[in-house]
Every structure is written in structure tokens, then in C-alpha cells.
Amino acid sequence: SSFIQGAADQARFSSSEFFIFLLSMMILSLLAFLFLQHLPTARSERISSNMSSRSSATFSDALQDTSPDAPDADTISQEDSMSQQLGNKQPVQYNIYLLLALQCFVCFLSNGALPSIQSYSCLPYGNTVYHMAVTLNAMANPMMAFLAFFLPCTRQNVVATLTLIGSILAAFIIATALYSPDMIHNTLEVGGTLVVLTWVVSGAMFSYVKVSIAGMCRDSGWLFHCGVLTQVGSAGGALLMFILVNQVNLFQGYYVSCP
């Protein structure tokens with residue numbers, strides 16, 4: 001006679017410890033932002049208003065000022081020219097509350113919620129799919145953040161559209177996690193390919209959106225508030241998933257069965 005016995009490697013730490021650690025890191029990051037804003041020691045390290053106005057130049061301005069085709073001049077004339085350009089520039093008008101809400105929502109998904117359920121979403125399709133989704137997603141995030149420096153986005157409609165598309169992809173990811181331990185598609189090749197592409201594309205979009213919003217908030221003087229809501233959204237996503245995974249048991253893990 002034969003029987004089927006579930007086999008699983010011994011975990012180095014429990015899921016509860018992982019979520020507690022993730023939540024603690026988000027809280028510490030939020031406290032760091034608050035201390036930087038209100039502690040007298042941190043406030044004394046701030047740059048002058050003149051330098052602060054220079055730092056609000058957009059990415060495209062920075063690239064134009066440092067392009068190799070620019071005419072040579074001494075340091076004093078360059079600073080005077082930059083000051084005149086910034087003085088004549090009209091302040092950019094953004095719907096800052098919409099941008100902050102989008103930043104909080106995107107960080108809620110990309111930093112807190114989705115990483116917490118990645119194993120539930122990918123493992124039913126095999127270790128190879130899980131490894132590719134994790135690795136390629138980790139590669140796509142810094143690449144898109146670096147791309148945002150050369151191709152900045154300053155249009156709110158584009159940012160909102162990318163957020164909507166990423167949210168639809170995130171909904172598919174959540175659906176695959178809820179369907180665990182079964183596959184959402186009967187064919188392993190098709191389902192695994194969809195899962196990997198969804199993770200990579202959504203991660204790339206969210207990374208580009210976060211950097212673009214941070215740039216627009218910097219131009220508007222709301223960079224600190226953007227950072228605060230980044231941590232709030234990330235901590236909220238981690239806390240919600242901690243409750244859903246450990247208390248509600250909404251997601252079921254996938255375990256390899258050996259005959």
C-alpha cells in the first residue's frame with residue numbers, strides 16, 4: 001500500500017515573526033521622518049532657503065544644466081544663471097492631495113500588501129516561477145526608478161493611469177493568492193507566465209509611479225509629507241496582511257506532496 005504525506009522544509013522563522021519585523025521597520029521609518037522634521041538637532045542641519053530653492057529644480061532641468069553640450073563658464077556665472085532661471089520659473093501647480101493619496105495607495109500595495117502574499121501567488125506554479133517572479137521583480141524596481149530620472153513624468157493624468165493599470169494587475173495577483181493552493185489557470189505554462197509577467201509589470205509601474213510622485217511633491221515643497229504617507233501606506237498594508245494571513249487565515253499555503 002502507498003500513502004501521500006505532506007513534506008515541507010522547516011522554516012527559519014514563522015510568518016508572525018516576519019510580519020512583526022516588517023511592521024516594526026515601517027514604524028521606525030515613520031518615527032525617523034517625524035524626528036527629522038521636529039527635532040532641533042535635525043532642523044539645525046537644514047540647508048538655507050537659497051539652496052533649498054535650487055534643489056526644487058526638476059529632473060529635466062538638472063539634466064540640461066549638466067549636459068556636455070552646455071557652454072563652459074566659471075562657477076560664479078553658473079550659479080547666477082541658475083538663480084535667475086529659478087527665479088523666473090513659475091511654480092508648478094499640482095493636485096497635491098491626489099498625488100499624496102496615490103502615493104499612499106501605491107505603497108500600501110507594493111511595499112506592504114503584495115510582498116506579504118507573493119509566496120501564495122507564485123508557489124502553486126512551482127519553485128521556478130516563484131524564483132523568477134521574485135528575482136525579476138527585484139530587478140525591475142531599481143531599473144524603473146533609475147529610468148524615472150531620465151524620463152520624468154510630471155503629468156498627473158499619466159500617473160493616475162499607471163496607478164489604475166497597476167491596481168488591476170495587483171487585483172489579479174491577489175486573486176491568484178486567494179486561489180492558492182490551486183492554480184488559477186489549468187495550464188502550468190500559461191498560468192506561470194501570466195503570474196511572472198504580472199508581478200514584473202506591476203512592480204515596474206508602481207516603482208515608476210512612486211518616483212514620479214516624489215519628484216512632483218519635491219517641486220511643490222511637499223516631499224516630507226510624501227515620505228510620511230509612504231511609510232503610512234507601507235505599514236498599513238503590512239498590518240492588514242498580517243491580520244488576514246495569521247488571524248483570518250484567508251490564504252492557504254501550497255505544499256509539495258510526495259508519494
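Contact here means heavy atoms within 4.5 Å. With that in hand, take Gln118 in this predicted model: leaving out residues up to four places away in sequence, Gln118 touches Tyr130, Ala133, Val134, Asn137 and Trp199. Gln118 sits in helix α7, which covers residues 118–122. Its relative accessible area is 11%, and buried means under 20%, so Gln118 counts as buried.

**The overall layout**

Let's zoom out a bit. The protein has 11 helices and two strands. Along the sequence the order is β-α-α-α-α-α-α-α-α-α-α-α-β. Of its 259 residues, 32% are buried. The protein exposes about 15600 Å², and carbon and sulfur atoms supply 63% of that. As for contacts between residues at least 6 apart in sequence, 87% of them join residues at least 24 apart.

**The core**

Which residues touch the most other members of the largest nonpolar core? They are Leu114, Ile117, Val159, Trp199, Ile213 and Phe251, out of 39 residues in that core. Helices α6, α7, α8 (127–150), α9 (156–179), α10 (188–220) and α11 each put in at least two residues. The top contributor is α10, with 11 residues. As a general backdrop, nonpolar side chains in soluble globular proteins tend to be buried together.

Two of those names turn up again in contact lists. Trp199 is one of the residues that Gln118 touches. Ile213, once its neighbours within four places in sequence are set aside, is in contact with Leu99, Leu102, Gln103, Val159 and Cys226.

Val211 is also part of helix α10. Its relative accessibility is 23%, so Val211 counts as partly exposed. Not counting residues up to four places away in sequence, Val211 touches Ala145 and Ala148. Val211 and Leu147 are 64 residues apart in sequence, and their C-alpha atoms are 9.6 Å apart in space.

**Helix α1 and its two sides**

Helix α1 covers residues 15–38. Its buried residues are Phe19, Leu22 and Met26. An α-helix has 3.6 residues a turn, so residues three or four places apart point the same way. The cover over the buried residues of α1 includes α6 (96–116) and α11 (223–247).

What about the surface? Phe21, Met25, Ile27, Leu28, Leu31, Leu34, Phe35 and Leu39 make a nonpolar surface patch of about 730 Å². Phe35, one member of that patch, belongs to helix α1. Is Phe35 buried or partly exposed? With a relative accessible area of 47%, Phe35 is partly exposed.

**Checking helix lengths**

Here is a quick sanity check on two helices, using 1.5 Å a residue.

| Helix | Number of residues | Expected span | End C-alpha distance |
|---|---|---|---|
| α1 | 24 residues | 34 Å | 35 Å |
| α11 | 25 residues | 36 Å | 36 Å |

The end C-alpha distance agrees with the expected span for α1, and also for α11. After α11 comes Asn249, whose phi is positive, near 55 degrees.

**Putting it together**

Helix α11 thus shows up in more than one part of this picture: α11 helps to cover the buried residues of α1, and α11 supplies at least two residues of the largest nonpolar core. Helix α6 also appears in the cover over α1 and among the helices that supply the core.

Technical notes
Residues numbered from 1 in each chain as written. Predicted model: local features only at pLDDT ≥ 70, side-chain atom pairs only at ≥ 80, totals over all residues. Heavy atoms only, no water. Helix = DSSP H or I, 4+ residues; strand = E, 2+ residues; numbered from the N terminus. Expected span 1.5 Å × (residues − 1). Buried < 20%, exposed > 50% of the residue type's maximum accessible area, 1.4 Å probe, protein only. Patch = residues over 30% accessible without salt bridge, like charges linked within 9 Å, V, L, I, M, F, W, Y side chains within 5 Å. Areas by Shrake-Rupley, 256 points an atom, 1.4 Å probe, with all protein chains shown as cover. Salt bridge = Lys/Arg side-chain N within 4 Å of Asp/Glu carboxyl O. Core = buried A, V, L, I, M, F, W, Y, C linked by side-chain atoms within 4.5 Å.
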